Amino acid sequence: MSSLFDPIRIGELALANRIVMAPLTRNRAAARQVPSDLAVTYYAQRASAGLIVSEASQISAEGQGYLDSPGIYSREQVAAWKKVTEAVHARGGKIVVQLWHVGRISHVSLQPGGIAPVSSTARRANGKTFTRDGFAPVSEPRALRTDELPRIVADYRHAARCAMEAGFDGVEVHGANGYLLDQFLRDSINDRDDDYGGPIANRARLLIEVMEAVTAEVGSGRTGLRISPVTPSNDAGQDSDPRALFDHVIDRLAPLKLAFLHVIEGATGGARDIAPFDFEALRRRFKALHPQGAWMVNNGYHRQMAIDVIASGRADLVAFGRPFIANPDLVQRLRVDAPLNPLRTSLLYGGGAEGYTDYPSLEPVGA
Ligand code: 8OZ
């Protein structure tokens, strides 16, 4: 029987345990979307995770949708991320960067030149984002032309190359939560009539092209993908047949031999049973077609659920989000069944050290 606390090898990565720090948006980047020195401390404090997936980091200036989220496309960003990866590695941890393009979940004030954000569609999402002037409704997007999509794929590939230069152990492509790739996947959003809209094979095309480009750049054994088959966040609605959609994605990804698939069960940060979906059937299909790939689960796991899901073989890795914000030594606390620090939710997004690097460990870090 496997234990949550046992080491595991996934692709090229040897992990000390099966506990993953989930990607967590914190909106504390400095000017020009450069990770701050506080981020170095924050990630280093959490390096006992078997694997850290960094906060979502935009692949291009156009990919940004929230104030002060970091990027992974400029020299300056790469140099700053290098300090993060070195600090995590110095403490024996592993870290991949999450590659993000928000698509239509953005605001003109966050876009280069103040122009419309891009998407699969020209229809605006019903939602808000956080800008320099506070919360604002997201802007009306411009539908990407077919001939622009190779440039989007190239932007992912460029960001993947930057990730390797920054010393990351790999990358996770953000295919979830109603952002650009999900805006192509779901027929609740994608209203295109070109080769990237309509049937499932067309809606999945951009994601597959992105995964091919990213794996070509960093290697399959260092690449993962995050999906959220039924998460309605960011006005994503529900696809008419998420089972068929994600079966197709899993089938098409098989030749790429990914290191892991990261699956959000239910609504991220919300109910696990938001909409009916047979995650276990998806897992079995993944395992049949991707024998080398790790199945990473996420959303609302507490200690016993995580121990049980690993022991039963229904997952290889468990990603914790909010518990990792409030508990830098979450692995140790889970190991000894210690109480967890409460999360200060008012300090999640933006600001400085408070609510970021000041959560206490059981033992002083480094002791
Ligand atoms: C919370 C706030 C802003 C962005 C996601 C990247 O849901 C996010 C995100 C979460 O995937």
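**Rings, charges and a barrel**

Let's start with a charge and a ring: the charged end of Arg344 sits over the ring of Tyr359, 4.4 Å from its centre. Keep in mind as you look around that this is a predicted model. A second arginine does something of this kind, with Arg205 lying over the face of Tyr196 at 5.8 Å from the ring centre.

Now zoom out to the fold. What runs β3-β4-β5-β10-β11-β12-β13-β14? That is a closed barrel of 8 strands, and the pairing is parallel. On average, neighbouring strands of this sheet are turned by 25° against each other, ignoring direction. For a close-up of one seam, pick strand β12 (residues 260-264) and strand β13 (residues 294-298): they run parallel and are joined by 5 bridges. If you want a spot to click on, go to His262, whose bridge partner in β13 is Met296.

Elsewhere on the barrel, look for helix α3, residues 149-165. This helix lies across β5 (95-100) and β10 (170-174), and its direction is at about 160° to β5.

Back to the aromatics. How many aromatic pairs does a search of the whole structure find? The count is 10. To describe a pair of aromatic rings, you give the distance of the centres and the angle of the planes. Take Tyr66 and Tyr179: their ring centres are 6.4 Å apart and their planes are at 75°, so this pair is edge-to-face. Tyr66 belongs to the loop between β4 (51-58) and α2 (75-90), while Tyr179 belongs to the loop between β10 and α4 (180-185), so the pair ties together parts that are 113 residues apart in sequence. Are these two tyrosines buried or exposed? Both Tyr66 and Tyr179 are buried.

Tyr179 has another ring partner, Trp100. Here the centres are 5.3 Å apart and the planes are at 90°, so Trp100 and Tyr179 also make an edge-to-face pair. Because Trp100 lies in strand β5 and Tyr179 in the loop between β10 and α4, this pair ties together parts that are 79 residues apart in sequence. Trp100 is buried, at a relative accessible area of 1%. For Tyr179 the value is 8%, and since buried means under 20%, Tyr179 counts as buried too.

One last stop for ring-spotters: which residues form one aromatic cluster? They are Tyr42, Tyr43, Trp81, Phe168 and Tyr356.

How values were computed
Residues numbered from 1 in each chain as written. Predicted model: local features only at pLDDT ≥ 70, side-chain atom pairs only at ≥ 80, totals over all residues. Heavy atoms only, no water. Pairing = 2+ DSSP bridges. Helix = DSSP H or I, 4+ residues; strand = E, 2+ residues; numbered from the N terminus. Axes fitted to C-alpha atoms, helices over the stretch in contact; angles between N-to-C directions. Contact = heavy atoms within 4.5 Å. Phe/Tyr/Trp six-rings, centres within 6.5 Å; stacked < 30°, edge-to-face > 60°. Buried < 20%, exposed > 50% of the residue type's maximum accessible area, 1.4 Å probe, protein only. Lys NZ or Arg CZ within 6 Å of the ring centre and 35° of its normal.
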